[in-house]
Structures are given as C-alpha cells and as structure tokens.
Amino acid sequence: MEAAECIVIVGAGIAGLTTALGLHRLGIRSLVLESSDKLRTTGFAFSTWPNAWRALDAVGIGDSLRLEHKRLFRLKTYSTISGTETSNREFAEQGKTQSSDSLSSVGFETRCIQRKNLLETLARELPSGTIRYSSKVVSIEESGHLKLVHLADGSILKAKVLIGCDGLNSAVSKWLGFNKPVYSGRSAIRGCVSYSEGHGLDPNFMQFFGRGVRFGVIPCDDTTVYWFFTFSPSSQDHKEMEDDPAKMKQFVLSRLGKVPDHVRGVIERSEPRNTIMSPLRYRRPWEVAWGNISKGTVCVAGDAFHPMTPDLGQGGCSALEDGVVLARCLGQALIHNSNNNKLTAEDERKHIEAGLENYARERRWRGFELITTAFMVGYIQQSDGKVLSFMRDRILATFLAGRLLSIAAYDCGKLNSS
C-alpha cells in the first residue's frame, strides 16, 4: 500500500511535534509517524530556559504551560564535599544584563516542565489524524523527487519532504550519513516525586557537585519535584542496578555526600516505579560541523541531529528551537510555492531544498556550541580530581553558572520572519 504525503515527520517527540505545530500555525499540513502506540514521556521533566519559552510562545502554547509549572527564581550550586554553597545567581538579575529585544518582558524566565504535559499540549493543538502511532520506519529509499518511507507494517509512504525527529537511534540521520551517537562514559538516574500535601521547597534550581557525581533537584509545581543524578558507572554498577529501580535509588542515596536533609528527603521519598537509568550519549561535534544536517528534501532535528549530555539542561530546549526554525524555513519555501502556481515540480523541489539548507545553516553552529559546551561543563562539574574539584568549587562555580545562563539567552525568532 502506498500513500502520498507532502511532509512526513518521523518521531512524535518534542522536536517532531513542535515542527508539526509550527507548520500547522502557518497553514501547512504534515504527518507525524510515531513508532510507539502512544506518546512517550520517558525522562519525566526537563528545565525550560528563556530560549525554550520563546519557542513555546512562537507556537502558541507558552501561556497554558505557565499555568501548570512554577517559575524558578535562583540557580544555586553546592559542594557535596564541604556542604557549602558555591554560587547563587538570581535569574532576574541575569535578565537585566540582556538587551530588551533578546529577553521577554518577564525577564529570565525559567521553569521545570513535566514532559508529559508538554507533549500532550503540543499534540492537542494539532489537527486530528496528524500523529500516526505504531508506525515504525524500517527503511528509506529515493524515487525521483520523492522519498519512499517503508514502515514495519508493510505500508509505504511517498514524501516530498522527510524530517527526522526520531531520537538517538534515528533512521533518518543514518540515511543522511551520521554515525550513531557515542557513549560519554557517564549515565544518569532520574526520578520524579509527588507530594500530595505540597513539597515546601523554595522555587530554586539546586545543583550539587562532588566526588565524581552531579545532581540536581527542581520543583515543577507546588506538589511535584524532579531530580537527576549523573555519574560514571563501573561495569559492576551497571550490572547491579540494571532494571532494578530500588537499587538505583539506594545507589544515589549512598553517593549524595553532604546535602541538606530536605534534599536527601526528595530522593528517599522517590518510588522505584518513578526512577529510571540511562547512558548519556552525544554526537561528536565535528559531525555536526561537517555532516549533512539536510540533504535534498531530507533533514533532521532534535536528538536525531545534536544529541548532547544534559549538563546545560538544553536537550529539550534546543529541540523546541529546532522545531520553530525548521517550520519557519520550510514554511517560507512552501508558502512561496503556493503563491506561484507556475512553478514546476523541479522548481518546487529547489525551493524546498533551499529552505532546508537555510535551516541547516542557522542551526549548525548552535548545535555545535551546545554539544561541546555541555560536554566540557559536565566534565568539570562531575570531576573527582582534587585540583579540578578545588577550582570548580572555589573559582569556576560562578563562571559555569553564568555560562549556563548565557547559553539560555538565545532567541530562535518567531514562525513568521516578517
């Protein structure tokens, strides 16, 4: 069975749904293929910095998400070796150092969004039938100006435009010539805790570093707290904790070091079913610098494009950026086509290719910067060496916090460049 589609997006994650919604806002239809039978919400939550809120506002869902998630006001870091605070940055102060056109009127807006809420909000805004579940892509081939997308159920889709938002194991990025993301040597354990009576935590982003670990605790709203813990596991660690959330939790508790009781209490309260562990992978930055982000009428976005370690909290944020920029660049090409009925199929293809090339040009060095900065920040923050640990806690803490905030001040622009 063959069906013809203009734009096929592979993957109903953050990048895929944001791209689809951006196109929808511009009056352009797309089809999103999702291999699972429902939206995938693995990871629980993620930090949304000002760059993410600009993207969310661009696709028209920022205000509804603001109502569900608590705004954060400070970034505080601590040493788990000494138990002392090493930096304390107020987000509002950061906003004052930026020009008025680079930050919204509300200043340096930061919240922790539950992934489920974001994906459901994006999906709810799309026309019925946009997302096709249980649709796993198994291969891609060319047929003239079209791409033939073969699915696991035996069906074939003909696509004028193919966009890969299919994550770390992307079939589309493989088709473009990218290698698989590499293991960083580190892993993350993540959890989410619900307090029916309210958690009572201050609205701050708290990060802790020391003895080869990095972890953070972030309130999402008045009752929900997200936490993460990154470390460099031994083969024995993996063997003992694999598929055993209870052991993951005990491992984290054993490595916390000197932290306040209320922080330790968040981990202690975590239920095993709300705890996961995953290896941290990234794309080698030179592949992003020189690789095919787009080729003809095919491109990639999100983790299929620039997977990175989570040390800047920019994985989900940058996927939102990608979606807005891609929708804008592709929209300009397609809207131009629809206004010129005399275009041949060949001319139409050239306009689409030019639009995707503009997207790749705009996103290439942003992706490169995010991958390299995240890797280096993670290396320093998770270091167990005495010299680097001393420098991190006494000298570099404020610099690293400032670097995180400056990266987050990026503006991806609006859907319509005019």
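# Exercises on side-chain pairs and buried helices

Ring pairs join Tyr78, Phe208, Phe215, Phe229, Phe231 and Phe251 into a cluster. The exercises below concern a predicted model, and each task is followed by a worked solution.

## Exercise 1: two aromatic pairs

Classify the ring pairs Trp49 with Phe205 and Trp365 with Phe368, and state where their residues lie in the chain and whether they are buried or partly exposed.

Solution. Step one is to choose the descriptors: a pair of aromatic rings is described by the distance of the centres and the angle of the planes.

Step two takes the overall count, which is 13 aromatic pairs in the structure. For Trp49 and Phe205 the centres are 5.7 Å apart and the planes make an angle of 25°, and because planes under 30 degrees apart count as stacked, this pair is stacked. Trp49 sits in the loop between strand S3 (45-48) and helix H2 (50-58), while Phe205 belongs to strand S12 (residues 204-210), so that the pair links distant parts of the chain, 156 residues apart. Both Trp49 and Phe205 are buried.

Step three turns to Trp365 and Phe368, whose ring centres are 5.3 Å apart with 70° between the planes, an edge-to-face arrangement. Both residues lie in helix H12 (residues 345-381), at a spacing of 3 residues, about one turn of the helix. Trp365 has a relative accessible area of 48% and is partly exposed, and Phe368, at 27%, also counts as partly exposed.

## Exercise 2: three salt bridges

For the salt bridges Glu120 with Lys116, Asp311 with Arg186 and Arg363 with Glu321, work out whether each lies within one helix or links distant parts of the chain, and whether its residues are buried or partly exposed.

Solution. Step one sets the background: the structure holds 25 salt bridges.

Step two examines Glu120 and Lys116, whose closest N and O atoms are 2.8 Å apart. The two residues are 4 residues apart in helix H5 (residues 115-124), which means that about one helical turn separates them. An α-helix has 3.6 residues a turn, so residues three or four places apart point the same way. Glu120 is partly exposed at a relative accessible area of 30%, and Lys116 is partly exposed at 43%.

Step three examines Asp311 and Arg186, which form a salt bridge with their closest N and O atoms 2.8 Å apart. This pair links distant parts of the chain, 125 residues apart, with Asp311 in the loop between strand S17 (298-300) and helix H11 (315-338) and Arg186 in strand S11 (residues 182-194). Asp311 is buried, having a relative accessible area of 1%, and Arg186 at 8% counts as buried.

Step four examines Arg363 and Glu321, whose side chains meet in a salt bridge with an N to O distance of 2.8 Å. Here Arg363 in helix H12 is joined to Glu321 in helix H11, 42 residues away, which again links distant parts of the chain. Arg363 is buried at 0% relative accessibility, and Glu321 is buried with a relative accessible area of 0%.

## Exercise 3: around Arg111 and Thr110

Describe the side-chain partners of Arg111 and the surroundings of Thr110.

Solution. Step one places Arg111 over the face of Trp53, at 5.4 Å from the ring centre. Step two adds that Arg111 also belongs to a network of salt bridges together with Asp57, Asp63, Arg66 and Glu109.

Step three moves to Thr110, which is found in the loop between helix H4 (91-96) and strand S6 (111-114). Thr110 is buried, with a relative accessible area of 0%. Leaving aside residues up to four places away in sequence, Thr110 touches Thr48, Trp49, Pro50, Trp53, Lys70, Arg71, Leu72 and Phe91.

## Exercise 4: the buried residues of two helices

Explain how the buried residues of helices H9 and H5 are arranged, and name what packs against them.

Solution. Step one lists the buried residues of helix H9 (residues 261-269), namely Val263, Val266 and Ile267. They cover an arc of only 90° around the axis, and therefore lie on the same side of H9. What covers them includes S11, S12, strand S13 (213-219), strand S14 (224-231) and helix H8 (245-254).

Step two considers H5, where 7 of the 10 residues are buried, so the helix is largely enclosed by the rest of the structure. The buried residues of H5 are Arg115, Asn117, Leu118, Leu119, Thr121, Leu122 and Ala123. They pack against helix H1 (14-25), S3, H2, helix H3 (62-66), S6 and strand S7 (131-132).

Note on methods:
Residues numbered from 1 in each chain as written. Predicted model: local features only at pLDDT ≥ 70, side-chain atom pairs only at ≥ 80, totals over all residues. Heavy atoms only, no water. Phe/Tyr/Trp six-rings, centres within 6.5 Å; stacked < 30°, edge-to-face > 60°. Buried < 20%, exposed > 50% of the residue type's maximum accessible area, 1.4 Å probe, protein only. Lys NZ or Arg CZ within 6 Å of the ring centre and 35° of its normal. Salt bridge = Lys/Arg side-chain N within 4 Å of Asp/Glu carboxyl O. Contact = heavy atoms within 4.5 Å. Arc of directions from axis to C-beta.
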